[in-house]
Structures are given as structure tokens and as C-alpha cells.
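This briefing walks through one protein chain, from its paired strands to selected side-chain contacts. Please keep the sequence and the 3D view at hand while reading.

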Amino acid sequence: NIVRNILAELVGFWHLLSGKIKRAKKGALNGEYILSIYFHKPSSKLFEFVIRWLLKNGFTIIPSKQIEKIVAGKIPFPKATAIITVDDGWRSNIKNIVAIAKQYQIPVTIFAATEAVEMGGGYWWTYVNKAQKLNLTTHNAEALKKVNNVERIKVVNELKDVLNLDREAMYPEELQSVSESKYITIGSHTVTHPILPNCNDDEAQFEIKESKKKLEHLLGKKIDEFAYPNGDYGKRELELLEKNGYKLAFTTKTNYLTKERLIDKLEIPRFEIWEDAGYFETISRITGVWFNSNQK
């Protein structure tokens, strides 16, 4: 990891020296595209750095819901704009994201997986990673993302029987409190955070419909935004989201959010801000240069 991060910083520094970051920033400032970025469980230092960088460089951070108004033509396609989303619903988000969003008065959308909120313990991949370190399993999380959902659940449940993990997601009352902030929007990230294309039809319907239902019951407000776990989806998932009343859905496709891509409201692209990245890599990620997305 140390070697990887050093090399990544060198690449990021080259992006700066070569003018790629400057050109990408200029394109966003001129309204060619919106910077759509997302996190999982950043440190407060990293999250604040990204916010400060965007604001210092002249960007306005808008609520994800404004996408609907832009698509409907109620407001023009904006210049110098960024959207910030966060996946999973980690408990650390309260201190490291929600508090900072309030401090800087910027909007953030958090996509919560409901089982982890309701049941406590760890997210499913944490059980697998922990079990690997303890030599309790030969499975690994990346491999389990490729098997059918029944098999994944079976493996994870067996590990839950022998491992106790501290709560990783927010408590239900914490998520309620967070959702009351005028700067925070809550969206759905399914129930169990499966790989949706590996689910059968009933499982996929349950994950998409039930997570919305649970969140609406808990928070007392309409939930109509979604993020695909691991970024995986297909035509069936798009149809299920439409059928269940979702208005926006976020992918992990690493493209700029242009006028043309905005039309596909259930396939919004995003750039991931990696938790372990250094200064120059992070700036490369914010501006999309890291993902070779200059071809808009």
C-alpha cells in the first residue's frame, strides 16, 4: 500500500504538471459538466479537504435532487458545480461528513443499506475480510461478489455465527437524526448490499422495494434516490427502480456528468474519492482526471 500510494502520488503530480487537472477544472467551471463525486467512510480531514478544495476553486455544491430540476428544464445546466454522495451509511459519517456538511453548509446525499442499520454488527464484506485474517475462511469478498446471492448469504451467515463485530452502520435513531439536517438527504442502498445482478427476480425486487419502505417508515419522508451496491446493475434493476418510484440512481461509472448523461436519471456517473489517497491523487479524482475521463 505504501508503494502504491507513492506511485499514485507521482501520477497525480504529473497530472498537475501536465495541465490535465487545470483543463478538467476549467471544463467544469465553464459548465461543460458537473463533478459528481462520492465517498464511503472518509476521515474528517479528507472530507474537509475535498470540500475546501471545491469551494476555494469556485465550485458550488448542489443537492442531488437538483438533477431532476435540471433534466426537467426548470433550471439551466449549471456551471462550476459539484454533487457529493456517500455510500453505505457508516457510523463514522456522523462526525466525518454530517458535522462538516453543517459547518460548511453544503448538501450531501447518504445512501444507507438498511440491514446494517437495523441489525448492527458489520457490513457483510467486513465479516469476510476479518475471517480471512483469522484463517477462518478461504473465501474473499471480491470472489463473493461474483457468485449467486444465495451462496453469498450462506457464507456470510456462517461467518456471523462465529464472529462478533462492532456496529459499523449508524443506529436507526442516529440515521433519523442525520436525516433531519437540512444539509443531508438519505437515499436507499438496498437492504443487504448484495450484487444485484447476482440476485434472482424476487431477491432484487425485495432489495429495491423493501429498503425504500424501511427507510420511509423509519424517517417519515419520501425516499426516491438510490445507489447501486458495488455499482452493478442491468436492465432489470432499471425497470425495478422505475416501478418502485425512484427518481434518481447513482452508478460507479467514471464519467463526467454532462447534459447528455443527465438524461439517464437512473444511471448517474460518479468519481470515487479513495480513503487512502494522497493530495495529488485526490485532486486527480475530484476532477476526474484519475479515471482518464477527459473524453466526455
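## Strand pairing and burial

Tyr38 has Thr85 in S3 as its bridge partner, and this pairing is a convenient place to start reading the predicted model. The pair belongs to a parallel arrangement in which S1 and S3 are joined over five bridges. The points below follow the strands outward from there, then turn to the nonpolar cores, to two acidic residues and finally to the chain as a whole.

**Strand S1**

- Strand S1 covers residues 35-39, and five of its five residues are buried, which leaves the strand mostly covered.
- On one side of S1 lie Leu35, Ile37 and Phe39, on the other Ser36 and Tyr38, and the residues of both faces are all buried.
- Besides its pairing with S3, S1 runs parallel to S8, to which two bridges join it; within that pairing, Ile37 stands opposite Phe271.

**Strands S3, S4 and S5**

- Strand S3 (residues 81-88) pairs with S4 in the parallel sense over four bridges, and Val86 is the residue that stands opposite Ile110 in S4.
- Helix H5 (residues 93-104) combines with S3 and S4 in a β-α-β unit that is right-handed.
- Strand S4 (residues 108-112) is largely enclosed by the rest of the structure, because five of its five residues are buried.
- The cover on S4 extends to both faces, with Val108, Ile110 and Ala112 buried on one side and Thr109 and Phe111 buried on the other.
- S4 also runs parallel to strand S5 (residues 184-188), with five bridges between them; in this pairing Val108 stands opposite Ile184, while Ala112 stands opposite Ser188.
- S5 is likewise mostly covered, since five of its five residues are buried; Ile184, Ile186 and Ser188 point one way from the strand, whereas Thr185 and Gly187 point the other way.

**Nonpolar cores**

- The largest nonpolar core holds 59 residues, of which Leu35, Leu54, Ile84 and Val108 touch the most other members.
- Helix H3 (residues 44-56) supplies the largest share of this core, namely six residues.
- A second core, separate from the largest one, has 13 residues, among them Ile34, Ile70, Phe77 and Leu248.
- Once neighbours within four places in sequence are set aside, Val108 is in contact with Phe47, Ile84, Val86, Ile97, Ala101, Tyr183, Ile184 and Thr185.

**Asp87, an acidic residue within a strand**

- Is Asp87 buried or exposed? Its relative accessibility is 2%, and because the cut-off for a buried residue is under 20%, Asp87 counts as buried.
- Asp87 is part of strand S3, and its side chain is joined to that of Arg270 by a polar contact of 2.9 Å.
- Residues up to four places away in sequence not being counted, Asp87 touches Tyr38, Phe39, His40, Phe111, His189, Ala227 and Arg270.

**Glu275, an acidic residue within a loop**

- Glu275 lies in the loop that runs between strand S8 (271-272) and helix H14 (279-286), and with a relative accessibility of 27% it counts as partly exposed.
- Which backbone atoms does the side chain of Glu275 reach? The side chain of Glu275 reaches the backbone nitrogen of His40 at 3.3 Å and the backbone nitrogen of Lys41 at 3.0 Å.
- Apart from residues up to four places away in sequence, Glu275 touches Phe39, His40, Lys41, Pro42 and Leu46.
- The C-alpha atom of Glu275 is separated by 22 Å from that of Ser188, a residue 87 positions away along the chain.

**The chain as a whole**

- The protein chain contains 14 helices and eight strands, and buried residues make up 51% of its 296 residues.
- Its radius of gyration is 19 Å, which agrees with the value near 19 Å that a compact globule of 296 residues would have.
- Taken along the principal axes, the C-alpha atoms fill a box of roughly 55 × 45 × 35 Å.
- Among the contacts with a separation of 6 or more, 71% are accounted for by residues 24 or more positions apart.

Methods: Residues are numbered from 1 along each chain as its sequence is written. This is a predicted model: local features need pLDDT of at least 70, side-chain atom pairs count only at pLDDT 80 or more; totals for chains, interfaces and linings use all residues. Side-chain values use heavy atoms; hydrogens and water are left out. Buried means under 20% relative accessible area, exposed over 50%, partly exposed in between (1.4 Å probe, protein chains only). Two strands pair if DSSP finds at least two bridges between them. A crossover is right-handed if, with the strands pointing away from the viewer, the path from the first strand over the helix to the second runs clockwise. A polar contact is a pair of N or O atoms within 3.5 Å; within protein, one must be able to donate a hydrogen and the other to accept it, and residues adjacent in sequence count only if both atoms are side-chain atoms. Contact means heavy atoms within 4.5 Å. A nonpolar core is a set of buried Ala, Val, Leu, Ile, Met, Phe, Trp, Tyr and Cys residues joined through side-chain atoms within 4.5 Å. The radius of gyration is taken over C-alpha atoms; the globule rule is 2.2 Å times the number of residues to the power 0.38.
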